[in-house]
Amino acid sequence: MNDVPLRTGTEATAAQGDDEIICAIRNVSKTYAGGSVALDSVSLDIRKGEILALLGPNGAGKTTLISIICGIVNASGGTVTVGGYDVVDNFRQSRSLIGLVPQEVNLEPFETVNNTVTFSRGLFGKPRDPGTIEQVLRRLSLWDKRDSQIVTLSGGMKRRVLIAKALSHEPRVLFLDEPTAGVDVELRKDMWETVRALQADGVTIILTTHYIEEAEAIADRVGVIDKGKLMLVEEKATLMQRLGTKQICIELQDPLESIPDALSKYELEIAASDNALIYTYDPTGGRTGITSLFSDLKSAGLVLCDVKTHESSLEEIFVNLM
């Protein structure tokens with residue numbers, strides 16, 4: 001992988017106007033009483049209307065960062081503003097703009113869906129508005145379940161109720177902490193469609209996830225947190241282009257015991273099957289060397305049977321970064 005400079009969230013969005021930033025995080029740190037550092041001078045700009053995925057191993061600081069933005073945890077240093085409101089000095093105003101979907105499903109089992117969501121709206125001081133609640137429930141395919149008790153719902157439907165609760169007071173920013181944890185693949189993809197629909201309605205979405213394919217499927221930008229530090233924030237497509245690699249698997253007619261000296265400059269690898277060569281290259285590097293490679297393969301007397309290509313996934317990039 002090339003040694004390319006990685007940009008922080010603030011640097012990557014420097015060209016964005018202030019009116020395009022819904023949440024500004026500046027040098028936020030969190031150190032707990034025992035001396036454990038959960039966050040180390042994190043700075044990040046979150047844009048209006050984007051889906052930002054925060055990736056990182058357990059204990060990396062993802063949930064701590066969300067908790068600070070939502071006013072659940074106090075930062076040891078730094079500032080956070082949401083919609084221009086400081087989350088400490090103007091807690092009520094900033095919190096009213098935020099919806100939070102926690103990882104744990106903690107719902108009153110014998111309450112109905114409609115009452116659960118309506119109650120959440122009231123907690124933010126919003127007046128009763130059956131029309132808005134109906135709109136939220138219909139958007140999440142919960143309207144037909146509005147009179148059902150929570151205990152009767154499937155795991156996927158309970159996740160939808162959590163989102164409905166978070167949307168009941170009409171927030172502009174929605175935080176999803178591991179939204180599909182414990183959900184099967186089919187329901188996970190269904191949730192992805194729900195998230196895309198919310199974005200289409202103008203909601204800014206920040207999600208933490210352990211499922212890298214989740215970030216690859218729905219995120220506009222990807223942030224990587226490790227040991228309390230924000231390692232990078234990058235457009236997903238740009239990240240994969242800048243840090244990803246491509247490989248060509250060249251299947252040969254006859255197996256190889258070693259790579260001919262004439263091909264040593266290409267840093268080829270012999271595949272496990274012994275009758276294929278692996279060539280790795282940077283697709284952004286201009287000259288890939290593919291043309292000369294095939295010419296030299298012919299000159300070396302190697303007969304090709306098939307050629308396959310492989311491009312780095314976001315998971316492979318993430319593993320390399322870690």
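How far apart in helix 5 are Arg138 and Glu134?

1. In this predicted model, Arg138 and Glu134 lie four residues apart in helix 5, so about one helical turn separates them. Their side chains form a salt bridge, with an N to O distance of 2.8 Å. Arg138 is partly exposed at 48% relative accessibility, and Glu134 is also partly exposed, at 27%.

2. A salt bridge also links Glu170 to Arg121, where the closest N and O atoms are 2.9 Å apart. Glu170 belongs to the loop between helix 6 (155–167) and strand 7 (173–177), whereas Arg121 belongs to helix 4; the pair therefore ties together parts that are 49 residues apart in sequence. Arg121 counts as buried because its relative accessibility is 4%, which is under the 20% limit. Glu170, at 45%, is partly exposed.

3. Asp296 and Lys265 make a further salt bridge, their closest N and O atoms being 3.8 Å apart. Asp296 sits in helix 10 (residues 290–299) and Lys265 in the loop between strand 11 (246–252) and strand 12 (269–270), so this contact ties together parts 31 residues apart in sequence. Lys265 is exposed, with 61% relative accessibility.

4. On the salt bridges as a group, the count is nine. Arg121, Asp129 and Glu170 are joined into one network by salt bridges that share partners.

5. Pro127 is located in the loop between helix 4 (113–123) and helix 5 (130–139). Its relative accessibility of 56% means that Pro127 counts as exposed. The C-alpha atom of Pro127 is 9.4 Å from that of His169, although 42 residues separate the two along the chain.

Terms used: Residues are numbered from 1 along each chain as its sequence is written. This is a predicted model: local features need pLDDT of at least 70, side-chain atom pairs count only at pLDDT 80 or more; totals for chains, interfaces and linings use all residues. Side-chain values use heavy atoms; hydrogens and water are left out. Helices (H or I, at least four residues) and strands (E, at least two) are DSSP runs, numbered from the N terminus. Buried means under 20% relative accessible area, exposed over 50%, partly exposed in between (1.4 Å probe, protein chains only). A salt bridge is a side-chain nitrogen of Lys or Arg within 4 Å of a carboxyl oxygen of Asp or Glu.
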